[in-house]
Amino acid sequence: MRYLFLFFLLLFNAKLKAQQTFKAKFDSFKKLEIDSGITLTFDEPDQLKTALPTKLIIFALPNGNTTAQSFGKQLAPGDDWHFDIQHIGAQTAFIRKADPQTNYIVVYAENSLKAWPAWRRKFANSDERIANLVKLIESHYAQYHPQLILTSHSGGGSFIFGYINAQQLLPANLVRIGFLDATYGYETDKHQSKLANWLKLPNKSLQVIAYNDSVVTYNGKPLVSPTGGTWYRSQLLAKDLVVAGQLQKQEFEDRISFRNRQGTTAFILIKNPAAKIFHTVLVEKNGFIQLVLAGTKFEDKGYKFWKDRAYASFILP
């Protein structure tokens, strides 16, 4: 009888889990509001285990998106289309299943202006504020001794460059930086030496994904200036690191690649002969998974970047 009860309990819990909705999941997250208009949302695993290594991922939101939209859900009639273009929540679930021996925490960083470049312009000491914000998040998980990962999409890259600006040297516990079409703010004078020196430290990873936005027109006008898009800025960063002796260039039919031998530092730059807008498609096609798992033993296991959604089964209704 006892075993029958345990079986029923397991079945009941599995059924509850299977019936979990986006609203129930999202409403369960802890949230923290900061006086400068920042809202942090914490997506933690079901159990945080002190015996396991912890990776603390800060995801800086793209321009125009809310955290709920970036987390993503199955679209229902009347839903905003932004809920179906990133799916960071489902991609996080995929990552956790791929590597169950690590605590993966994702903290979404949103601001009231819905644009990190605009937020940084509003505050004179914005870079220091970002650095202090990251320290605050780290202190929340100090008992787990987390490895810090900074990721971003679109204008969220401004958050990362603000953080870099505030550091004399990038800290050792920062183990990975990921830009998903988010390198608009890269400047050689401000960022090259800091990133190059940081990458000389052991177990550091830089992942950059972009596409050729320089050929795209929107409403009859160029989408970006000749030097203002991620195609130009990502290649500038890659070439700066090539000069530093850290990357080699390869060219393929659909992309240009810069990477080191281990793949821990890698640039995937998608060519665009049809001049399409791939800004969010880079995320949708397993881009966040690639940022986090590239250069590890889990890369390409159960997914491929620039292929169909490997995380589809994790998208909540």
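Leu 269 is placed in strand 12, which covers residues 265–270. In this predicted model, Leu 269 is buried, because its relative accessible area is 0% and the cut-off for burial is under 20%. Ser 234, one of the residues in contact with Leu 269, lies in helix 9. The points below begin with these two residues and then turn to the cores, the whole chain and two loop residues.

**Leu 269 and its surroundings**

- Neighbours within four places in sequence aside, Leu 269 is in contact with Ala 210, Trp 231, Ser 234, Gln 235, Asp 254, Arg 255, Ile 256 and Phe 258.
- Between Leu 269 and Leu 133 there are 31 Å in space, C-alpha to C-alpha, and the two are 136 residues apart in sequence.

**Ser 234 in helix 9**

- Helix 9 spans residues 230–243 and contains Ser 234.
- Ser 234 counts as buried, because its relative accessibility is 0%.
- Residues up to four places away in sequence are not counted here: Ser 234 touches Thr 183, Val 208, Ala 210, Phe 267 and Leu 269.
- Ala 210 is thus a contact of Ser 234 and also a contact of Leu 269.
- The C-alpha atoms of Ser 234 and Leu 52 are separated by 34 Å, and these residues are 182 apart along the chain.

**Nonpolar cores**

- In soluble globular proteins, nonpolar side chains tend to be buried together.
- The largest nonpolar core of the model has 48 residues.
- Phe 159, Tyr 163, Ile 177, Leu 206 and Phe 267 have the most contacts inside that core; Phe 267 is also among the residues that Ser 234 touches.
- Ile 177 is in contact with Leu 150, Ile 160, Leu 170, Leu 195, Trp 198, Ser 205, Leu 206 and Gln 207, leaving aside neighbours within four places in sequence.
- A second core, separate from the largest one, has 40 residues, including Phe 29, Leu 282, Phe 298 and Tyr 303.

**The chain as a whole**

- The secondary structure consists of 11 helices and 12 strands.
- The chain is as compact as a globular protein of 317 residues, because its radius of gyration is 20 Å, close to the 20 Å given by the globule rule for that length.
- Along the principal axes, the C-alpha atoms fill a box of roughly 70 × 40 × 40 Å.
- Buried residues make up 52% of the 317 residues.
- Of the contacts between residues at least 6 apart in sequence, 70% join residues at least 24 apart.
- The exposed area of the chain is about 15600 Å², of which carbon and sulfur atoms supply 54%.
- The chain carries 38 positive and 26 negative charges, and the mean positions of the two sets are 4 Å apart.

**Loop residues with positive phi**

- Most residues other than glycine have a negative phi.
- His 145 has a positive phi, near 45 degrees, and is not a glycine.
- The loop that holds His 145 runs between helix 6 (126–140) and strand 5 (147–153).
- With a relative accessible area of 67%, over the 50% cut-off, His 145 is exposed.
- Asn 219, likewise not a glycine, has a positive phi of about 55 degrees.
- Asn 219 is located in the loop between strand 8 (217–218) and strand 9 (221–222).
- The relative accessibility of Asn 219 is 68%, so this residue counts as exposed.

Technical notes
Residues are numbered from 1 along each chain as its sequence is written. This is a predicted model: local features need pLDDT of at least 70, side-chain atom pairs count only at pLDDT 80 or more; totals for chains, interfaces and linings use all residues. Side-chain values use heavy atoms; hydrogens and water are left out. Helices (H or I, at least four residues) and strands (E, at least two) are DSSP runs, numbered from the N terminus. The radius of gyration is taken over C-alpha atoms; the globule rule is 2.2 Å times the number of residues to the power 0.38. Buried means under 20% relative accessible area, exposed over 50%, partly exposed in between (1.4 Å probe, protein chains only). Contact means heavy atoms within 4.5 Å. Accessible areas come from the Shrake-Rupley method with a 1.4 Å probe; for residues, only the protein chains shown count as cover. Lys and Arg count as positive and Asp and Glu as negative; His and the chain ends are not counted. The place of a charge is taken as NZ of Lys, CZ of Arg, CG of Asp or CD of Glu. A nonpolar core is a set of buried Ala, Val, Leu, Ile, Met, Phe, Trp, Tyr and Cys residues joined through side-chain atoms within 4.5 Å.
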